[in-house]
Amino acid sequence: MLVLRVFSVALVVLWSALGVSCSYQKCACTKPAVRREWRAFSTEEKEDWIRAVNCLSHLPHDPALSPSVDPSISHIPPVNGSSSYYDDLVYIHMDLNTRIHLTGLFLPWHRWYVYVFEESLRRKCGYTGVTPYWNWTIDAPDFFESSFWKDSDPLSGLGGWGEPNADFSVPDGGFRALHLSYPSPHILRRNFTLRPFNIPLVFFTEPQTIANSTFSASKIETLLETPAGHYKNFQAALEGFEGVHGAVHLIMGGDLGGQCPQNAPANCTSGPMWSPNEPLFWMHHAMIDKVWFDWQHRNIKSANSFFGGSVQALQSLDTYDQYPNGGPPFLSLKSTMPADGLFPEVTIGDVLNTTSGVLCYVYE
């Protein structure tokens with residue numbers, strides 16, 4: 001145990017010396033890490049990332065986890081004391097679901113969330129690489145048959161689609177035995193869903209939309225052409241109900257799509273709450289972050305642009321159209337982002353720039 005602790009401390013010192021980790025605190029970013037697309041990773045790098053993710057799933061629950069949202073609002077099960085540290089990271093997202101989606105917190109909070117996940121991989125599991133992102137525009141033309149799903153290697157592969165006769169559990173790849181606790185104990189699941197918007201919900205105005213048509217390269221380019229400084233419009237296009245963010249979640253079904261497992265209790269409510277069960281969540285949100293990063297760097301007016309409310313405005317389609325990224329009270333760069341006791345809280349302003357505040361990375 002002492003050797004492991006010394007090793008962990010040494011890693012933190014190493015990363016700090018390289019200038020790529022601020023260890024949850026503000027620091028000078030001198031040598032930012034360069035995040036790369038998953039397919040640009042070597043086999044050894046892929047294996048190391050998968051190993052570290054699985055490592056978190058074998059570490060014990062952290063009793064510091066303190067849910068902050070009333071269960072009557074979050075609609076989630078109570079904390080499972082026999083769960084893993086990976087489950088704890090998932091639970092933060094579950095608990096804060098209504099605060100971090102369709103509000104001004106969406107982009108900065110998820111940027112921070114991917115960052116603390118990466119820090120957890122380093123601190124707790126000896127990971128020395130960078131966060132990979134998943135450029136799903138490459139896979140959009142034929143999503144189901146993409147070569148992305150063909151790597152079944154037990155150490156370096158992400159695995160393929162789930163088995164329909166086994167609750168869509170993923171049978172191969174490095175996460176074939178990833179045990180998850182929420183919303184009920186199960187194995188990682190993936191269930192391809194081509195038209196996920198075809199459900200009776202007033203906010204889905206084009207229910208026959210094919211999900212992968214929303215995240216093509218041309219659609220992302222259109223998104224990046226959002227006028228400089230118009231943060232509200234940019235987020236609305238990115239996170240909107242039939243936008244790219246949700247489409248990638250929902251086309252995956254299973255855990256990333258927030259579908260309830262077969263053994264879930266009768267009151268299980270499907271939704272984005274436990275989507276981080278799927279390790280691809282971290283790559284997906286790194287790509288979402290990259291799209292924001294790219295928009296920020298297209299024009300100086302966008303670099304420090306921010307606007308959003310703290311409360312979801314879902315009373316009607318009209319209120320959502322008025323406040324697509326949250327209604328009043330409005331947030332500011334000084335607003336603190338919730339961490340449910342697992343990490344030090346930081347402000348929106350601390351993560352607005354990926355090479356200042358508490359962050360130190362760029363994208364290739």
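Here is a walk through the ring pairs and charged contacts of this structure, which is a predicted model.

Let's start with the aromatic rings. The count comes to 37 aromatic pairs. Take Trp112 and Phe343: their ring centres sit 5.9 Å apart with the planes at 85°, so this pair is edge-to-face. The pair ties together distant parts of the chain, since Trp112 belongs to helix 6 and Phe343 to the loop between strand 5 and strand 6, 231 residues apart. Trp112 is buried, at 2% relative accessibility, and Phe343 is buried too, at 8%. Elsewhere, ring pairs join up into a cluster whose members include Trp134, Phe148 and Phe215.

Rings also meet charges here. Arg35 lies over the face of Tyr361, 3.6 Å from the ring centre, while Arg111 does this with Trp292, at 3.8 Å.

Those two arginines turn up again among the salt bridges, of which the structure holds 15. Arg35 and Arg111 are part of a salt-bridge network that also takes in Glu118, Glu119, Arg122, Arg123 and Asp289. Within it, Glu119 and Arg123 meet at 3.6 Å, N to O. They are four residues apart in helix 6, so about one helical turn separates them. Glu119 is buried, at 2% relative accessibility, whereas Arg123 is partly exposed, at 28%.

Helix 10 has a similar spacing to show: Asp294 and Lys290 are four residues apart there, about one turn of the helix. Their salt bridge brings the closest N and O atoms to 2.9 Å. Here Lys290 is the buried partner, at 13%, and Asp294 is partly exposed, at 24%.

Definitions and conventions: Residues numbered from 1 in each chain as written. Predicted model: local features only at pLDDT ≥ 70, side-chain atom pairs only at ≥ 80, totals over all residues. Heavy atoms only, no water. Phe/Tyr/Trp six-rings, centres within 6.5 Å; stacked < 30°, edge-to-face > 60°. Helix = DSSP H or I, 4+ residues; strand = E, 2+ residues; numbered from the N terminus. Buried < 20%, exposed > 50% of the residue type's maximum accessible area, 1.4 Å probe, protein only. Lys NZ or Arg CZ within 6 Å of the ring centre and 35° of its normal. Salt bridge = Lys/Arg side-chain N within 4 Å of Asp/Glu carboxyl O.
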